[in-house]
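Me: I would be grateful for a close examination of one part of this model, namely the packing of its helices. Please treat the geometry of the packing together with the residues that form it.

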Amino acid sequence: MALFALLVAILVERLRLLPNSWQFDALLSKYHKSLISEQQQPSLLMMTLVILLPAVFVYILSWLVSGVLWGAISVVLWVLIAVLCFSHNVQRTAFKRYIQAACRGDSQACFNYANELDSSLSLESVNEKELGEKVGQSVAWINYRYYGAIALYLIVLGPVGTVLYCTVRFYSEQSRKNDAELPLVDNLLFVLDWIPSRIFSFGYVLSGHFRQAISAWLSHALNPKSSARDTITQVAVAAETLPESSSAPICLQSTIALLQLSKRNFILLITVLSLMTIFGVVN
């Protein structure tokens, strides 16, 4: 079911068939507002319950529909969760606008859209020549955070694990956007990202220049304190030969090179999943 759900989710995401109001982050935003007010600082217990409730709901729903109509309802649930979690029109729109702004030479707009694309990217000390590579690193990171990690959790833990990861990711982004630290969230996300980021970044090693990338992967993968973002971006940069900057105000060559590497890596993930499904390793 994991392979089928992923393929359907990828198709829906590429065709942008799911409206913004039905995407996972939009639904979770409504869920968050119904439980926690903006002026309220949630306690550790409250934050734990808020994070766990969506995953618990999906677990109960999965148990209730298990075996109904010979498993057809379970397949529908898997596909529905995958589609909800894979659709990210906000990031796709921001990247498209960044490319358009770079093509017309609008540097200020490029910096604005780069901030929208990845709120964890600090552009305070980045100049125009470096922006293309920084956005390329953001593309590799977003490809993991919004696609690779979701796919891995769907394969290993099913819809429950996928919903749990996306919920923690949502609250981590909320914390960063509102500049208000939420209890438990960042530490839990670090734990949830630790193994998947190392698995996914190894795909960059296999998809790019192995000799340069393997040393970067080992230095980060064997360091228990290395963050998921550092692991993903540094291995991606090591795995791909970045072209020299052009004379354009904002060079897109580095961004496109890392985007192509990310696409090859995700195709590798789907290929491995297909083989695991054929040989019965994954149900």
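Reply: The mean pLDDT of the protein chain in this predicted model is 88, and 96% of its residues reach 70 or more. Among the elements, helix α8 (residues 185-207) has the highest mean pLDDT, 95, and helix α1 (residues 2-15) the lowest, 86.

Helix α7, which spans residues 128-177, packs with helix α2, residues 24-35. Their axes lie 10 Å apart, and the angle between them is about 50 degrees. An angle that is neither under 35 degrees, nor over 145, nor from 65 to 115 counts as oblique, and α2 and α7 are therefore oblique to each other. Their crossing is right-handed. On the α2 side, the contact is made by F24, D25, L28, S29, Y31 and H32; α7 contributes Y146, V163, C166, T167, R169, F170, Y171, E173 and Q174. By character, the residues of this contact comprise eight nonpolar, four polar and three charged.

Helix α7 also meets α1: the two axes come within 10 Å and cross at roughly 155 degrees. Because angles over 145 degrees count as roughly antiparallel, α1 is roughly antiparallel to α7. The crossing of α1 with α7 is right-handed. Here A2, A5, L6 and E13 of α1 are in contact with Y147, A151, L154 and I155 of α7. The residues of this contact divide into seven nonpolar and one charged, with no polar residue.

Methods
Residues numbered from 1 in each chain as written. Predicted model: local features only at pLDDT ≥ 70, side-chain atom pairs only at ≥ 80, totals over all residues. Heavy atoms only, no water. pLDDT = per-residue confidence, 0-100. Helix = DSSP H or I, 4+ residues; strand = E, 2+ residues; numbered from the N terminus. Axes fitted to C-alpha atoms, helices over the stretch in contact; angles between N-to-C directions. Left-handed = near helix turned anticlockwise from the far one by under 90°. Contact = heavy atoms within 4.5 Å. Nonpolar A, V, L, I, M, F, W, Y, C, P; charged D, E, K, R; others polar.
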